[in-house]
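Let's walk through this protein together, from its overall wiring to its interior and then out to a sheet. Keep the structure open beside you as you read.

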Amino acid sequence: MDGRGAEAAPGQTAVAAAEPMKSRFAAELAPEERVTTAFLVKQKEVRQKKSGEPYLSLVLADRSGELDAKMWDNVEAVQDTFERDDFVKVQGTVVLFRERPQLQVHRLRRLEEAEITLADYLPATTENVAEMFAEVRGYAAAVADAPLRALLLAILDDPEIGPRFQRAPAAKTLHHAFFGGLLQHVRSLCRAARMIAPNYPEVNPDLLIAGIVLHDLGKIGELSYVRSFAYTSEGQLLGHMTLALEILHRHLARMPEFPRRLQVVLEHLILSHHGHYEFGSPKLPMFPEALLLHALDDLDSKMQAMAEQYGREQSLPGDWTGMNYSLGRPVLRLDRWLAAPDPVAPWTLTPPGPPEDLAHKAARLQAALREGKK
Ligand SMILES: [Fe+2]
Ligand SMILES: [Fe+2]
């Protein structure tokens, strides 16, 4: 990466192996529970009660998720002792507020970095990273086209790229926002491609695999991950498609024999993979492999967003999850909804009114519509 982009979290290799120090995690907390545990402060606001006294409105986080928190009393003593992105130890009680758990904080103390295990606060894939990487490398090694295969393997085996590719999240918040998330996303796409490509004889599976391996590679420089996942300034300014092109070009510079037209095809796969101008692609997918790459990428990120929403809210009651901001909708917990008995037989839900009532209702609706158009 030429020293560009992502900074690795200190002690990153220890992420999976470190002994967790936290006893309770945000996603496990149940209403009424009294808890003493540590969190990363993601948001901190000092607000005013009606009485004029301050209270704290916080968003606390650990690797399992986020939790709203409020501290109502003794705020003056602690409000200046910590900031956003600090670690704090809190003692409090979990309450339900608008059907979401909220922590009422009674005591709070800032923690030194030496007191925490970073792996407790940044989420990581539960899959085996080495196995996932070997599987993706295997798909690249199986590419029949020799120059393309050589390029993909050179990129994956590049010591500046391979380790970062295995560590990077695929997104800041929307989907696969955890260590190893990018690799997990790419492996999922490779598997999907192997299944679906034979259904479309016009699709060259080698190009599809190449597009999958390359498309989000710029994320190793777009996102930083020291305390929380954030965009690097370069990522913010250039975006992961431009950064992926840069990686591609750096490797192609060492392969003067690489076919020029194949290079352009790879560039198009990277640039068009978001599929729409308004999602940052400067070009729309213009051949079948590019269209399929976009469709699979879109599908995989949305399926993962739904799975993550279920995971985050597994301990909450109800048939519906909260709003999923990447999908712009809540998600139905289909298993719960289907398992519940029908409260009323559907045919008795809305007894039809007498015909004159319906005519009346229709007239009223039409009048309301006319009113609305004015
Ligand atoms: Fe992307
Ligand atoms: Fe992607």
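Counting contacts with a separation of 6 or more, 59% join residues that are 24 or more positions apart in the protein. This is a predicted model, and its chain forms 12 helices and nine strands. Of its 374 residues, 31% count as buried.

How far can you trust what you see? The mean pLDDT is 87, and 87% of the residues reach 70 or more. Residues 1-20 call for more care: the pLDDT over this stretch is below 50, although the model gives it 39 contacts beyond near neighbours in sequence.

Now turn to the interior. The largest nonpolar core has 67 residues, and those touching the most other members are L60, I209, A210, I212, V213 and L214. Helix α6, residues 205-215, is the element that gives the most to this core, with seven residues. At least three residues of the core come from domain 1 (17-120), and at least three from domain 2 (129-308).

Helix α6 deserves a slower look. Why can we call α6 largely enclosed by the rest of the structure? Nine of its 11 residues are buried, so the surrounding structure encloses most of the helix. The buried residues run through L207, L208, I209, A210, G211, I212, V213, L214 and H215. As a reminder, an α-helix has 3.6 residues a turn, so residues three or four places apart point the same way. The buried residues of α6 pack against α2 (129-141), α3 (146-156), α5 (181-196), α8 (233-252), α9 (260-272) and α10 (288-312).

To see this packing from a single position, pick out I212. Leaving aside neighbours within four places in sequence, I212 is in contact with V186, L189, C190, A193 and L293.

Let's move on to the strands. Strand β4 (residues 87-97) runs antiparallel to β5, and 11 bridges join the two. Within this pairing, Q91 has R107 of β5 as its bridge partner. β4 and β5 form a hairpin with two residues between them, and R98 in the turn has a positive phi of about 50°.

Strand β5, which spans residues 100-111, also pairs with β3 (residues 65-71); here the strands run parallel and are joined by three bridges. Look for K70, which stands opposite Q104 in β5. When you follow the side chains along such a strand, recall that in a regular strand they alternate between the two faces of the sheet.

Terms used: Residues numbered from 1 in each chain as written. Chains lettered and ligands numbered in written order. Predicted model: local features only at pLDDT ≥ 70, side-chain atom pairs only at ≥ 80, totals over all residues. Helix = DSSP H or I, 4+ residues; strand = E, 2+ residues; numbered from the N terminus. Buried ≥ 20, exposed ≤ 12 C-beta atoms within 10 Å, placed from the backbone. Contact = placed C-beta atoms within 7 Å. Core = buried A, V, L, I, M, F, W, Y, C linked by C-beta atoms within 7 Å. Domains from an automatic or database assignment. pLDDT = per-residue confidence, 0-100. Pairing = 2+ DSSP bridges.
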